[in-house]
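Please open the structure in your viewer and keep the selection panel at hand. The tour below goes from one selection to the next and says what is found at each stop.

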Amino acid sequence: MASNRTFTMIKPDAVAANNIGPILSMITEAGFKVVAMKYTKLSHEQAGNFYDVHRDRPFFGELVEFMSRGPIVAAILEKDNAIEDFRKLIGATNPAQAEEGTIRKRFATSIGENAVHGSDSDDNAKIEGDFFFSQLERF
Ligand code: GDP
């Protein structure tokens, strides 16, 4: 059965460009409810742990530098078919390949600095949500 929760981050590039508001509008207009949310900043070590699966990829160093360079917005979102629908809303990893109307098409500037994160599976949504939020912080 498809999960009804996903995890997202508005990444440092989009926060620095003052795009928190319009990105949250696109998310809520698409029907996602906010279950948990915080404005925070990852240390270098925390960013490395969050992206641990990519540790052996050539872009890992760049990814960790980028994700720890400024504040982010982290959130757990709820909607039927959340994982798939949210991946559709954010668009392809590389904004050059992202469809019109997606968050990355509108706000991402490169394959690395691509404005938002979205979980790719139910299991990862749970792991990633648990990375940032206690049960007391979910509503
Ligand atoms: P996602 O699920 O669409 O976020 O994509 P991936 O799981 O493949 O990659 C995780 C994140 O790593 C992406 O969102 C990018 O921020 C970054 N990333 C992926 N590929 C590259 C790349 O070729 N270069 C750089 N600098 N970053 C990348």
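Begin with the second largest pocket, which has a volume of about 170 Å³; bear in mind throughout that this is a predicted model. To display its lining, select Ser 3, Arg 5, Thr 6, Ile 76, Asp 122, Asp 123, Ala 125, Lys 126, Gly 129, Asp 130 and Arg 138. If you then colour by secondary structure, the elements that give two or more residues to this lining are strand E1 (5-10) and H7. The largest share of the lining of this second largest pocket comes from H7, which supplies six residues. Coloured by residue class, the lining of the second largest pocket shows six charged residues, three polar ones and two nonpolar ones.

Next, move to the largest pocket, whose volume is about 700 Å³. Its lining is made up of 26 residues, and those to select for a view of the middle are Tyr 51, His 54, Phe 59, Leu 63 and His 117, which lie nearest the centre of the pocket. Helix H3 (44-50), helix H4 (60-67), strand E4 (116-118) and helix H7 (122-132) are the elements that give two or more residues to this lining. With four residues, H7 gives the most to the lining of the largest pocket, and H7 is also the element you met as the source of six residues in the lining of the second largest pocket. By class, the lining of the largest pocket divides into nine charged, nine nonpolar and eight polar residues.

Now turn on the ligand, since the space that the ligand takes is the largest pocket. Which residues surround the ligand? Select Lys 11, His 54, Phe 59, Glu 62, Leu 63, Arg 87, Thr 93, Arg 104, Ile 111, Gly 112 and Asn 114 to see this shell. The shell around the ligand comprises four charged, four polar and three nonpolar residues.

Finally, show the side chains of three members of this shell and inspect the distances to the ligand. An N or O atom in the side chain of Lys 11 is 2.9 Å from an oxygen atom of the ligand. For the side chain of Asn 114, the distance from an N or O atom to a ligand oxygen atom is likewise 2.9 Å, while for the side chain of His 54 the corresponding distance is 3.2 Å. As a last step, display the surface of the ligand: taken alone, the ligand exposes 550 Å², and the protein buries 80% of that area.

Methods
Residues numbered from 1 in each chain as written. Predicted model: local features only at pLDDT ≥ 70, side-chain atom pairs only at ≥ 80, totals over all residues. Heavy atoms only, no water. Near = heavy atom within 4 Å. Polar contact = N/O pair within 3.5 Å; in protein donor to acceptor, adjacent residues only side chain to side chain. Areas by Shrake-Rupley, 256 points an atom, 1.4 Å probe, with all protein chains shown as cover. 1 Å grid on protein atoms, 1.4 Å probe; cavity = no way out; pocket = protein on both sides within 12 Å on 5 of 7 lines; lining within 4 Å. Sits in = over half its atoms within 2 Å of the grid points. Nonpolar A, V, L, I, M, F, W, Y, C, P; charged D, E, K, R; others polar. Points joined across faces, edges and corners; volume = space filled by probe spheres on them.
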